[in-house]
Amino acid sequence: MIVEITGLRKIYEGKQRVVAVDGIDLGVREGEIYGLLGPNGAGKTTTISVCTTRALPSEGVVRINGIDVVKSAAVARTCIGVVPQYNTLDRACTIFENINFHCRYFGFSRADAKQRTEQLLEQFHLSERAGAYPSQLSGGLAQRVQIARAIAHRPKVLFLDEPSAGLDPQSRIAMWEAVSGLRKEGITVVLTTHYMEEADELCDRVAIIDHGKILVEDTPAALKQSIGAQRLYDLDLRSEGDHAALTALLEQLAGVTSVESLPSGLRIFADSADGLLAGIVNTANPYGLRDLRITETSLETVFIKLTGRDLRE
Ligand SMILES: Nc1ncnc2c1ncn2[C@@H]1O[C@H](COP(=O)(O)OP(=O)(O)OP(=O)(O)O)[C@@H](O)[C@H]1O
């Protein structure tokens with residue numbers, strides 16, 4: 001495991017004592033994109049802050065690439081890239097300079113820093129904006145610069161805290177592509193999010209976290225299946241068809257768990273999608289199939305099942 005968190009607790013002792021992280025154990029495999037999904041205040045940022053040496057744990061140990069982030073913070077930092085929740089680009093410097101200075105800070109020679117900066121600008125489609133200042137960039141572009149800068153020193157693990165907060169949908173997708181592209185470079189990614197689509201789309205594995213604790217951890221697909229989550233197929237049918245006969249036939253298809261009536265047709269509940277679509281279409285066609293909608297269960301449904309609350313509440 002390239003990131004190993006054992007028994008992590010973080011308590012903020014203030015006027016009010018806040019247990020922000022309440023005993024987290026998790027391991028992230030090399031090369032994986034791992035998501036901490038949870039509502040605001042769940043303890044995601046605090047967990048990342050400890051991992052990235054920005055906060056000290058109250059209890060527990062975090063190792064990155066085998067290095068204890070408390071005992072050897074400076075060494076650990078060489079293995080880590082961080083994209084914090086807010087834009088931390090230096091506003092007095094150009095995009096080129098922001099990345100270049102980062103390389104120099106991490107010990108690159110002048111020539112190596114220049115070469116690495118140019119390569120990153122190209123990789124993140126930023127070359128044309130090299131001379132621009134952060135204030136001249138859209139939120140999406142600024143976020144891409146932050147990611148480029150964070151990986152400039154070739155860290156083993158990149159931590160992204162709410163990477164798409166405040167981004168418009170198009171920029172969010174561009175950011176997802178940029179993060180997915182890091183797989184090719186073998187960079188392990190740990191991100192926090194309260195967008196279930198983001199966790200579902202981007203992450204190989206997800207830990208759902210609430211009140212400082214991990215509720216469940218698995219692949220998005222397994223999490224959805226674990227709650228008996230199903231895929232729904234809504235069939236629009238011409239009214240004159242024999243719906244009872246069709247229901248009986250559909251119930252015999254492998255993967256179909258049940259079939260219910262809808263005003264406009266039938267709803268099929270399925271626990272597996274393997275080859276089912278063709279079976280449904282072939283079976284329903286002679287009974288006047290007009291349209292078909294497929295609904296996937298989401299991680300939001302998983303969170304609601306686990307907590308009785310909505311992620312955005
Ligand atoms: N420096 C601090 N001092 C006191 N309490 C804090 C501090 N930082 C965070 N907290 C509290 O700890 C809890 C967890 O916060 P944290 O920021 O880790 O959650 P989060 O899941 O990242 O949510 P968000 O997305 O809002 O940042 C919250 O109740 C928060 O108010």
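Two residues are in contact here if their C-beta atoms, placed from the backbone, lie within 7 Å. The structure is a predicted model, and the contact criterion applies to the packing of helices on its sheets.

One open sheet consists of 6 strands in the order 6-7-8-3-9-10, and its pairing is mixed. Strand 6 (80–83) and strand 10 (213–218) occupy the edges; each has a single partner strand, so one side of each is left without a neighbour in the sheet. From one strand to the next, the twist averages 15°. At one end of the order, strand 6 pairs with strand 7 (residues 157–161) in the parallel sense, over 4 bridges. Within this pairing, Val 82 has Phe 159 of strand 7 as its bridge partner.

Helix 1 (residues 44–51) lies across this sheet, over strand 3 (33–37), strand 7, strand 8 (188–193) and strand 9 (205–210). Relative to strand 7, helix 1 runs at about 150°.

Helix 1 also leads to the ligand. The ligand is surrounded by 13 residues, of which the closest are Tyr 12, Ala 20, Lys 44, Thr 45 and Thr 46. Two or more residues of this shell come from each of strand 2 (18–28) and helix 1. Which element gives the largest share of the shell around the ligand? Helix 1 does, with 3 residues. Sorted by class, the shell comprises 7 polar, 4 nonpolar and 2 charged residues.

A further open sheet is built from 4 strands in the order 12-13-11-14, with antiparallel pairing. Why is one side of strand 12 (256–262) and of strand 14 (289–295) left without a neighbour in the sheet? Both strands stand at the edges and each has a single partner strand, so no neighbour covers the other side. Direction ignored, neighbouring strands of this sheet are turned by 20° against each other on average.

The pairing at the strand 14 edge can be followed in detail. Strand 11 (residues 231–237) and strand 14 are joined in the antiparallel sense over 6 bridges. Leu 232 is placed opposite Thr 295 of strand 14. Helix 9 (residues 243–251) packs on this sheet and touches strand 11, strand 12 and strand 13 (265–270). The direction of helix 9 makes about 160° with that of strand 12.

Key
Residues are numbered from 1 along each chain as its sequence is written. This is a predicted model: local features need pLDDT of at least 70, side-chain atom pairs count only at pLDDT 80 or more; totals for chains, interfaces and linings use all residues. Two strands pair if DSSP finds at least two bridges between them. Axes are lines fitted to C-alpha atoms, for helices over the stretch in contact, and angles run from 0 to 180 degrees between N-to-C directions. A residue is near a molecule or strand if its C-beta atom, placed from the backbone, lies within 6 Å of it. Ala, Val, Leu, Ile, Met, Phe, Trp, Tyr, Cys and Pro count as nonpolar, Asp, Glu, Lys and Arg as charged, and the others, Gly among them, as polar.
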